[in-house]
Amino acid sequence: MASLQSLISKQLVAPNCTVTARLNGAPPSVVHASSSEASSDEKKVTKRRLALLGAGALSTVLLNRSAYAEEVPKNYRSYVDANDGYSYLYPSDWRDFDFLGHDSAFKDRNVQLQSVRVAFIPTTKTDVRDLGPMDEAIFNLVNNVYAAPNQVPAIYDMQERTVDGRNYWTFEYDLEAPGYGVSAFATVAIGNGRYYTLIVTANERRWSRLRNKLKVVADSFKISELKA
């Protein structure tokens, strides 16, 4: 499995990554995803696409937002790491734990695979747009970094949002392996000379019940300036 550092310079579209929604030249901060016809062996993809359509995820949405200063929603807690320059929300009944290679992590107390984690690596880039076209960069990230050799990835939705002039990419994907599947949202952003990644996951079988709850976590990630 490739490292995040090695991905930054790659621009090839992943050959074995199923994509069900992608941008078509949408302007910054606007989500504009369109669906395509599924083949007979893509029944699950069609099911997910219909769910997204019902939730309005395939509409054009303006995502420019002001500072992350709103009060914490009910049933969530806020995690703020001023030393490393980021913050996010997580479900209030989750507990912190050590996740190898990550700076912070929380997980459900009882259910496996339900967790959120954040990691970052150094980079000379200043914005996620420096990684190239959003769809190509995300395809490469999911296929070459997130997916293990025995997992088949599928991407369902991609969004760009702008908060306080900083761009964030959030996307939904599955990693399917024999006997089990994992669904997730990931948010990536660049700031403070770092490439930040937040990933929030759940068992694929529970995803329809948890999707909206975990989307709040993915959308809450925000970078703050490091103090000198």
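In this predicted model, K222 pairs up with D164 in a salt bridge, and the closest N and O atoms sit 3.5 Å apart. The two partners come from distant parts of the chain, 58 residues apart: K222 belongs to strand β16 (residues 222-223), while D164 lies in the loop between β12 (152-163) and β13 (166-177). K222 counts as buried because its relative accessible area is 15%, under the 20% cut-off. D164, at 48% relative accessibility, is partly exposed.

That pair isn't alone, since a search of the whole structure turns up six salt bridges. Another one joins E225 to R166, with the closest N and O atoms 2.7 Å apart. Here too the chain is bridged between distant parts: E225 is in the segment after β16 and R166 is in strand β13, 59 residues apart. E225 is exposed, at 56% relative accessible area, whereas R166 is buried at 15%.

Strand β13 turns up again in the pair of E172 and R211, whose closest N and O atoms are 2.9 Å apart. E172 lies in that strand and R211 in helix α4 (residues 207-220), so this salt bridge ties together parts that are 39 residues apart in sequence. E172 has a relative accessibility of 0%, so it counts as buried. R211 is buried as well, with a value of 12%.

Now for the rings. The structure has 17 aromatic pairs. One of them brings together Y79 and Y88, with ring centres 5.4 Å apart and planes at 40 degrees, which is why the pair is called tilted. Y79 is partly exposed, with a relative accessible area of 22%, but Y88 is buried at 0%. Y146 and F171 make a stacked pair instead, 6.3 Å from centre to centre and with 15 degrees between the planes. This pair also links distant parts of the chain, with Y146 in helix α3 (residues 134-146) and F171 in strand β13, 25 residues apart. Both Y146 and F171 are buried.

Ring pairs also build up a cluster, whose members include Y79, Y88, Y168 and F221. One of these rings has a charged neighbour: R161 lies over the face of Y168, at 4.5 Å from the ring centre. A similar arrangement is found at F97, where K107 lies over the ring face at 5.0 Å from the centre.

Methods. Residues numbered from 1 in each chain as written. Predicted model: local features only at pLDDT ≥ 70, side-chain atom pairs only at ≥ 80, totals over all residues. Heavy atoms only, no water. Salt bridge = Lys/Arg side-chain N within 4 Å of Asp/Glu carboxyl O. Helix = DSSP H or I, 4+ residues; strand = E, 2+ residues; numbered from the N terminus. Buried < 20%, exposed > 50% of the residue type's maximum accessible area, 1.4 Å probe, protein only. Phe/Tyr/Trp six-rings, centres within 6.5 Å; stacked < 30°, edge-to-face > 60°. Lys NZ or Arg CZ within 6 Å of the ring centre and 35° of its normal.
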